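Dear colleague,

I am passing on to you the structure we spoke about, together with some notes on what I found when going through it. Please have the sequence and the model open beside this message as you read.

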Amino acid sequence: MADEPKGSRGSLQGIAMAVVIWAIVVLSSLYYVRYGVPELASDRGFLDSLYYVILGITGVAYILYQLALGYVIYRYRGDRPNAESSYWHESHKLELTWTIGTAAILIPIVFTGLIYWDRVRGPAPEDAVTVMAVGAQFQWDFHYPGADGEFGRFDPTLYAIDNQIGLDETDPAAADDWVLTNQLVIPVDRPTRILMRSKDVQHAIFLPNFRVKQDLVPGMTTEVWFTPVKTGSYEVACAELCGLGHYRMRAFLEVMEEADYQQWLNDNAPAAVAEVADPAAEAPPASAQ
Amino acid sequence: MEHEKQGFVSKYVFSYDHKMIGKQYFTLAMSMGFIGGILAVLIRLQLGFPSKPWPFLENLFPVGMASGIMTPEFYVSLFTMHGTIMVFFLLSLLPVSGFGNFLIPLQIGARDMAFPFLNMLSFWTVVPGAIIIIISFFVEGGAAASGWTAYPPLSAIRSAIPGSDLGQTLWLVGMIFFVASFTMGGLNFVVTILNLRTKGLRMMRMPLTTWAQFVVGILGLLSFPALAAGALLLTFDRSLGTSFFLPAGIFIGDTLMPHEGGTPLLWQHLFWFLGHPEVYIIMLPAMGFTSDILATFCRRPIFGYRSMVYAIGAIGTLSFLVWGHHMFVSGMSPFLGSLFVVTTLAIAIPSAVKAFNWLFTIARARIQFTSASLFGLGVVSLFVTGGLTGIFLGTNATDIQLHDTYFVVGHFHFIMAGAGLFGAFGAVYYWYPKMFGRMLSERLGKIHFWITFVAYYAVFFPMHYLGVSGMMRRIYDPNVYEYLQPLQPVNLFITISAFVLFAGQLIFIYNYFASMRTGAPATANPWNAAGLEWSAPAHPGHGNWEGEIPPAHRWPYDYSEPGKKRDFTPQWEA
């Protein structure tokens, strides 16, 4: 064709495009392998498995499609000898194949995902350690219900410097309640249930090592539960924009052996624990400080 | 049809001509996009070199970068406004309002849009919106700082963050102007396409670009009012003391707020009821441009035209049923979340149809490598990359870990921003001769493409690594977290790549404006394309065709038909 756009059939562009796409596929995939999810410390390993299954499927699709794209660009570049394009533009068989094929690959992913979702979002086991996370600009307060296992009532009119969670001390259930700021301590191998509420704007509790994330919504109590399986100290992040200090709204999650946890409760829970606790309960009376 | 001679004001300012209005949108969108790009550079500056002083920047931003160090509140304003400007004022205005107005009448054989006055009004309604958005940077407290999603209470309570004062008010007012404009535009698109098609142009003979704009018009009409309602209610909450989005017991800055009875989740539902169709408002035109461009430069009919049309329709329909996938961990009922998984992943099916149809359009082709076709091929690559990462996020079980991390940022910059932007670039290179009667420099265009394509992958692909490693989005300094500190080299790499990406766009801006004067004069059909728009003169005047409007005898993709002398048969030839 004499009147084609000048230079448009130059082989350089087509070959370059193919090579660049191939190079991107190879480099991006090689580097992907170097970055894994943070070390797992909860029983949610099945979420990681699903992630890796999807990564495998989409990874193969990504590599094959981009390699094919590079190939057809290279193969059908305009300057090849006897270049001719085909008028062929319809094939119900092919179109049906990739429609059904895509659906067939997606359906198991969807169902596995839904089953796993159900598993992590279902009701928490009865014996779970329960803590209430209270989010505020830019601090986490973890409210322990004490030995009675019941959270004292809170009243927003009582928020104060020395009562960050607005606990109503007149409520009998509040007598043995206590609060840890920017630190959460839980025992290993026992389900932990975190109830959560926000004092001001939205926040989200993010436990990267535990595959846990849940928004804190003012006016609502949300919750999440999981079972830590590894002891250690982990970082807790805020994952929902909550203001100018969002980036530094950080806390620590300490996972302890059951015995250490009991010891820690003894050493740190307020004396009220001793008064209320049944001597037979798992938390023995705290020694005087 | 006669058109009177126009003076300067009626030709360039308050024009009724769809082509001039389209070009006005281009100028506005590109200016806004340039500003949005500068904001992105500043964001990356902070993430690449956290809290490093840049004394010369103090002159530009005396408050936000006092003594040259970026403040956290300025950083939050930056990404809020980057998102707002890019999503609405660049990626919606350029492909939809800009190209929609410019191309629809030319592609369907109409003298103008159905309602030229409404068209002008629509443009002059969005201009104040854009000005208000820009002005908000200079008011006390700075621009809005609650993310482009403006979740209350952060966006509703003035003392929650400095930007939630006057800045957020201006943001809401700006958005209401935008919505009003966009709704007028959508109405015009739908009415024009349904009523003003030339003789012989059945719906199933329309180019895919026009098909996309048709569906986009419907999406805009149905989804944007939800944002308008939300923005109005939020304004009431902020200024009149109502409590649509605010429950009792909010305690900010040592003050207990007087609100009671509302819920922040209502805003999320309203916002994402717009927000998700909006993604396809951006995507669908890019898909249309890509299909038209690939057919022309592959010298081959688009593969599976009929299924492409159905895919556009299916994506448009499904886009209204998936908004909850932004809210899997929001406190919304987990049962509802499961429903949204099914609808969300269903979108992958029509998307895959598009991806394979493009691949089979390129196969058995004779590809001409112009700037336009390179960008079209770029869309195909980006679209598949971004589409596949959507599967991780649409599956609620895997979304838990990845939600609100850089994985999401990487994902939408490929699928929405990337494919949308590359599609728009391709479209500019392709239709520029019809817009200005001159050709863009192909040489500069190719340099622009190569820098953009490589830098785009370099910027946004590594964001998936960050997200998988657990880096949250919207954080001012990731190094606060010990587990994120090892990722600093990745952030630095992204920052440097982002600077290159931005620099590459300057080439485009230069090419765009310089070629209006110095570009080689264009012929009426410089690409030997078959679409009806190429039957109009090189630089069509008001009314588009001098004589009769040509009828459509065929679809716009008759390339390389066997037995024909030329390798294309124009749509207007019997």
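A good place to begin is chain A, where A:Tyr234 stands opposite A:Leu253 in strand E10. This pair belongs to the ladder between strand E9 (residues 232-238) and strand E10 (residues 251-256) of chain A, two strands that run antiparallel and are joined by five bridges. Strand E9 of chain A is also joined to strand E6 (residues 203-207) of chain A, again in antiparallel fashion, although here the number of bridges is two. In that second pairing, A:Ile205 has A:Cys238 of strand E9 as its bridge partner. Please keep in mind throughout that this is a predicted model.

Chain A as a whole

Chain A contains five helices and ten strands, and 40% of its 289 residues are buried. Of the contacts in chain A with a separation of 6 or more, 68% are between residues 24 or more positions apart. The chain is divided into domain 1, which takes in 11-79 and 87-121, and domain 2, which covers 129-276. The centres of these two domains of chain A, taken over C-alpha atoms, are separated by 40 Å, and the contact between them involves nine residues of domain 1 and twelve residues of domain 2.

The five-stranded sheet

Chain A also has an open sheet of five strands in the order E3-E2-E1-E5-E8, with mixed pairing. Strand E3 (178-181) and strand E8 (222-226) of chain A each have a single partner strand, so they stand at the edges and one side of each is left without a neighbour in the sheet. On average, neighbouring strands of this sheet are turned by 25° against each other, when direction is ignored. Within the sheet, strand E1 (residues 129-136) and strand E5 (residues 192-198) of chain A run parallel and are joined by seven bridges, and A:Ala133 is found opposite A:Met196 of strand E5 in chain A.

In the loop between strand E1 and strand E2 (139-144) of chain A lies A:Phe138, and the peptide bond that joins A:Gln137 to A:Phe138 is cis, with omega at about -5°.

A tyrosine that meets chain B

Where in chain A is A:Tyr76 found? This residue is in the loop between helix H2 (45-75) and helix H3 (92-121) of chain A, and it counts as buried because it has 22 C-beta neighbours inside 10 Å, where 20 or more are required. Leaving aside neighbours within four places in sequence, A:Tyr76 is in contact with B:Ile362, B:Ala363, B:Arg364, B:Ala365, B:Arg366 and B:Ile367. From A:Tyr76 to A:Tyr247 there are 171 residues in sequence and 50 Å in space, C-alpha to C-alpha.

The nonpolar core

One of those contacts of A:Tyr76, B:Ile362, is also named among the residues with the most contacts inside the largest nonpolar core, together with B:Ala29 and B:Leu284, and this core has 280 residues. At least three residues are drawn into this core from each of domain 1 and domain 2 of chain A. Not counting residues up to four places away in sequence, B:Leu284 touches B:Ala212, B:Val215, B:Val216, B:Ile312, B:Ile315 and B:Gly316.

Chain B: a helix and some backbone details

Helix H13 (residues 371-394) of chain B has 24 residues, which should span 34 Å at 1.5 Å a residue, and its end C-alpha atoms are indeed 34 Å apart, so the two values agree. This helix of chain B is mostly covered, since 24 of its 24 residues are buried.

Two residues of chain B have a positive phi although neither is a glycine: for B:Arg299 the angle is about 55°, and for B:Ser560 it is near 55°. B:Arg299 lies in the loop between helix H9 (264-298) and helix H10 (305-318) of chain B, whereas B:Ser560 is in the segment after helix H17 (488-518) of chain B. B:Arg299 is buried because 24 other C-beta atoms lie within 10 Å, and B:Ser560 is buried with 22 such atoms within 10 Å.

Lastly, a cis peptide bond with omega of about 0° joins B:Pro152 and B:Pro153, and B:Pro153 lies in the loop between helix H6 (116-135) and helix H7 (166-195) of chain B.

With kind regards

Terms used: Residues are numbered from 1 along each chain as its sequence is written. Chains are lettered from A and ligands numbered from 1 in the order in which they are written. This is a predicted model: local features need pLDDT of at least 70, side-chain atom pairs count only at pLDDT 80 or more; totals for chains, interfaces and linings use all residues. Two strands pair if DSSP finds at least two bridges between them. Helices (H or I, at least four residues) and strands (E, at least two) are DSSP runs, numbered from the N terminus. Axes are lines fitted to C-alpha atoms, for helices over the stretch in contact, and angles run from 0 to 180 degrees between N-to-C directions. The expected span of a helix is 1.5 Å times one less than its number of residues. A residue is buried if 20 or more other C-beta atoms lie within 10 Å of its own, exposed if 12 or fewer, and partly exposed in between; C-beta atoms are placed from the backbone. A nonpolar core is a set of buried Ala, Val, Leu, Ile, Met, Phe, Trp, Tyr and Cys residues joined through C-beta atoms within 7 Å. Domain bounds come from an automatic or database domain assignment. Two residues are in contact if their C-beta atoms, placed from the backbone, lie within 7 Å.
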